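Hi everyone, thanks for coming. I'll take you through one protein chain today, so have a look at the picture while I talk.

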Amino acid sequence: SSGIFKYHVLNDRRHILTKDTDDSVALYDTLKARKVEEIGEVDYEKEIEKRKQLVYVPNWFTVDVKTGMLNISLEESDCFSAWISAKDLLPGNSENFSDCKVNLGCVTLKALMDYFPKKYHQDGTALNDSAADANSQNPRAQITKDLQEHFCAPKHTPLIISEQGETFRVTIRMCCGDAAYEPEETQISKALPRWISNAVFADKIPELVKMTFNLIPYKNTSKSAKRHQFTASDNVSIQKIIEHVINNEKSNQSENQGNDSSKNHSKSTESSGIPLSANKLRILCQDQIIDPVLDLRTVKHFFWKGGGQLILHYEVLEHSDDDESGNWQTEH
């Protein structure tokens with residue numbers, strides 16, 4: 001029988017393109033632990049090129065094909081490093097998800113452990129959303145249900161859990177569906193590493209990855225040009241940054257106008273020099289205009305390409321009512 005001998009992890013760090021010894025190309029979904037498309041005998045390199053996206057997601061798993069099959073390894077050190085927007089994971093329900101962030105490693109672990117009896121599972125999910133409980137239009141229960149329906153590994157999926165220290169020791173060797181039966185489920189649950197059981201059954205996972213960046217006026221040669229420093233989730237969109245800066249500046253300038261008699265304003269009310277009438281900004285990095293749909297980590301990876309803190313420039317668009325869509329085009 002044919003076996004996989006080539007693989008390529010796509011930019012979304014979710015899908016993997018493979019080629020087997022029969023020269024057949026296929027697409028696998030890591031979150032579902034299964035093949036999702038049989039592409040057939042096509043030019044492998046051209047297929048990779050065709051599926052490239054201008055998106056950067058941190059590595060959260062490793063792959064090998066030594067056995068002729070895809071072997072995905074998850075380790076505690078980087079398993080939870082990739083957060084994405086829930087609307088990107090489940091685009092059909094994007095209006096219901098607002099700004100929820102979903103952890104890819106946690107979604108995968110839950111898909112693999114889905115066959116454990118319900119007594120082990122809480123009603124939470126692999127997401128971070130401070131508004132989920134307060135917003136009736138975006139309840140955690142609905143998001144959890146959608147994730148469980150979309151991401152569940154096949155029962156026959158082999159699962160090996162090991163301890164890596166001075167020696168390599170396998171603690172669990174099973175198929176995902178085995179967790180549904182006694183006495184296996186009791187034995188397996190006791191042998192699960194704490195970081196896995198915490199993520200799957202207690203929803204205890206690391207916080208969102210934060211990134212610090214600087215925002216300064218574009219083409220301002222003045223040494224006194226104000227540099228504003230922000231910290232945000234690494235997958236926040238440039239559009240969200242634009243909206244935050246404009247709204248924050250308008251609020252600060254209005255507050256300053258109401259306190260003209262005071263000479264000492266707090267740091268939070270210092271003006272960046274953005275006109276109060278500004279309704280639209282564009283963001284640049286290394287003199288390249290950035291598409292507002294991109295997120296911070298993608299900008300840093302593809303445009304900044306350097307060490308240290310990311311530096312973004314902003315430019316006020318003089319005619320905010322004009323069609324500026326042409327200014328946002330980025331070659332993919």
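Before the sheet, one definition: two strands count as paired if DSSP finds at least two bridges between them. Keep in mind, too, that this is a predicted model.

Okay, the sheet. It's an open one with 5 strands, in the order β13-β12-β16-β14-β15, and the pairing is mixed. The edge strands are β13, residues 228-233, and β15, residues 288-289, and each of those pairs on one side only. If you're new to this: strands of a sheet pair through backbone hydrogen bonds, either parallel or antiparallel.

Let's begin at the β13 edge. Strand β12, residues 210-217, is joined to β13 by 6 bridges, and the two run antiparallel. You can find one spot to look at right away: Lys210 sits opposite Ser233 in β13. Also in β13 is Gln229. Is Gln229 buried or exposed? Exposed, with a relative accessible area of 52%. And here's a nice bit of folding: Gln229 and Leu215 are 14 residues apart in sequence, yet their C-alphas are 6.3 Å apart in space.

Now go over to β14, residues 281-285. All 5 of the 5 residues there are buried, so this strand is largely enclosed by the rest of the structure. Leu281, Ile283 and Cys285 point one way, while Arg282 and Leu284 point the other way. On one side, 4 bridges tie β14 to strand β16, residues 310-316, in antiparallel fashion, with Leu281 opposite Val316. β14 also has 2 bridges to β15, again antiparallel, and there Cys285 has Gln288 as its bridge partner. β14 and β15 make a hairpin with 2 residues between them, and Gln286 in the turn has a positive phi of about 55°.

Since I've mentioned a cysteine: how many disulfides are there? The count comes to 0. Take Cys176, whose sulfur is 7.5 Å from the closest cysteine sulfur, in Cys175, and that's too far for a bond because the cut-off is 2.5 Å. Cys176 counts as buried, at 0% relative accessibility, and Cys285 is at 0% as well.

Next, the helix α9, residues 296-304. Its buried residues are Leu296, Arg297, Thr298, Val299, Phe303 and Trp304. Right after α9 comes Lys305, with a positive phi near 55°.

Then there's the largest nonpolar core, which has 27 residues; Phe80, Leu109, Met113, Phe116, Leu192 and Ile196 touch the most other members. The elements α4, β10, β11 and α7 each give two or more residues to this core, and α7 has the largest share, with 5.

Last stop, the largest pocket. It holds about 1400 Å³ of space. It's lined by 39 residues, and those closest to its centre are Asn71, Ile72, Ser73, Pro158 and Ile160. Which element gives the most to the lining? That's β10, with 7 residues. Others that supply at least two include β3, β4, α4 and α7. By type, the lining divides into 21 nonpolar, 10 polar and 8 charged residues.

That's my tour, so go ahead and ask me anything.

Conventions
Residues are numbered from 1 along each chain as its sequence is written. This is a predicted model: local features need pLDDT of at least 70, side-chain atom pairs count only at pLDDT 80 or more; totals for chains, interfaces and linings use all residues. Side-chain values use heavy atoms; hydrogens and water are left out. On a 1 Å grid over the protein atoms alone, a cavity is a set of points where a 1.4 Å probe fits but cannot get out, and a pocket is an open set with protein on both sides within 12 Å along at least five of seven lines; lining residues have an atom within 4 Å of a point. Grid points are joined across faces, edges and corners, and a volume is the space filled by probe spheres set on the points. Ala, Val, Leu, Ile, Met, Phe, Trp, Tyr, Cys and Pro count as nonpolar, Asp, Glu, Lys and Arg as charged, and the others, Gly among them, as polar. Buried means under 20% relative accessible area, exposed over 50%, partly exposed in between (1.4 Å probe, protein chains only). A nonpolar core is a set of buried Ala, Val, Leu, Ile, Met, Phe, Trp, Tyr and Cys residues joined through side-chain atoms within 4.5 Å.
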